[in-house]
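Here's a quick look at a protein model, with an eye on its internal space, its cysteines and one helix pair. Have the structure open as you read.

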Amino acid sequence: MQSNPKLTLAMPVYNGTNYIRDALDSILAQTFTDFELIVCDNASDDETCAVVEEYAAKDDRIRLIRNPRNLGASANYNLGYEHGRGEYLKWCAHDDTLSPNNLEACIEVLDARPDVALAFASTRGITGSGRITRPTGEETPSLEDSDPALRFRQAIELSGTCFPIFGVFRRANLDRSTLHRPYYGSDRGVIAEHAIMGKFVRVEDAIFYNREHEQRSINIDDKVQRSLWQTGKKSRGAAAEHLNLTKHLFEIASRHGDIVSPWRLYGHLLGRSLKPIQLGRYGLELANMISPAAAGAAKNLFVRPARSQQASEAV
């Protein structure tokens, strides 16, 4: 294993035998080769570790960390960062793949531009069988305004499906960040915090292939089940995703006074929090923590009819 890799690739995985070979082959086919790949296995009970060990036996850049129990996705994401040694870090999902120039193109941007905190590829969708499709959700544009407060606001509003979380970060910025937190959607906080610290560049000629399949977390509808995926245990508190994100964003806003006045960031967050749609989300999540049945009834009474009305008006 090389002593000082320029890039750490951190791959958190749980029961990943369905697609992990494709992901590993994609990484090993990169034109940029000065990396370490740390696979953090979250107590899988399938053949994931055997597959990774097979690849690691052939390539000493690959290292496997086996958790004795499932820590949840957020802690497993952070584990790759904690064990990494590279100047840059990129998280990788076991079910996604990369164009061969992905790493090289993103690192070229970061090397050339110290004002850039995050370089990420453009996104294409990929099916379980490997067919290229439109990505599920919305992409995030480049954020190149010189004002960190505006970038923070744009990152929150334009984060879309959070594809930039699989871009290339500077470790120095990760060192001073809050990292992933134990609630589903904390990647939005990670992205927003890095927008304070620098600009974002979407590298159009590098491609991130995001796989759509039934087992991915975005397809888990029940928030308590999503909390199990994110934290390793079911929790109504962790299932309050909008409340947790808002709390996280206010904490982030308070941490970077050397870059931008926290009050400028608070102002945006307060305006966002007082929007009727956000207040409704907070109310439902608070109700769910007290009485899931009451929260379900309120959702049936107010939220679903509103969505149906919006859909009919859009036709």
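How many nonpolar, polar and charged residues are in the lining of the largest cavity? The split is 9 nonpolar, 1 polar and 2 charged. Keep in mind that this is a predicted model.

As for the space itself, searching the whole structure turns up 1 cavity of 30 Å³ or more, and the largest cavity holds about 60 Å³. Its lining is made up of Met11, Ala23, Ile27, Lys90, Trp91, Cys92, Ala93, Asp96, Thr97, Leu98, Phe166 and Phe208. Two or more of these lining residues come from each of α1 (20-28), β4 (88-91) and β5 (97-98).

On to the cysteines. The disulfide count is 0. Two cysteines worth clicking on are in the table.

| Residue | Relative accessible area | Class |
|---|---|---|
| Cys40 | 0% | buried |
| Cys162 | 3% | buried |

Both get that label because buried means under 20% relative accessible area, with Cys40 at 0% and Cys162 at 3%.

Now for the helix pair. Helix α10 (residues 241-253) packs against helix α12 (residues 276-290) at an angle of about 115°, and their axes are 8 Å apart. On the α10 side, the contact uses Glu241, His242, Leu243 and Thr246; facing them in α12 are Gln278, Arg281, Tyr282, Glu285, Leu286 and Met289. By class, this α10 and α12 contact is a mix: 4 nonpolar, 3 polar and 3 charged residues.

How values were computed
Residues are numbered from 1 along each chain as its sequence is written. This is a predicted model: local features need pLDDT of at least 70, side-chain atom pairs count only at pLDDT 80 or more; totals for chains, interfaces and linings use all residues. Side-chain values use heavy atoms; hydrogens and water are left out. On a 1 Å grid over the protein atoms alone, a cavity is a set of points where a 1.4 Å probe fits but cannot get out, and a pocket is an open set with protein on both sides within 12 Å along at least five of seven lines; lining residues have an atom within 4 Å of a point. Grid points are joined across faces, edges and corners, and a volume is the space filled by probe spheres set on the points. Helices (H or I, at least four residues) and strands (E, at least two) are DSSP runs, numbered from the N terminus. Ala, Val, Leu, Ile, Met, Phe, Trp, Tyr, Cys and Pro count as nonpolar, Asp, Glu, Lys and Arg as charged, and the others, Gly among them, as polar. A disulfide is a pair of cysteine sulfur atoms within 2.5 Å. Buried means under 20% relative accessible area, exposed over 50%, partly exposed in between (1.4 Å probe, protein chains only). Axes are lines fitted to C-alpha atoms, for helices over the stretch in contact, and angles run from 0 to 180 degrees between N-to-C directions. Contact means heavy atoms within 4.5 Å.
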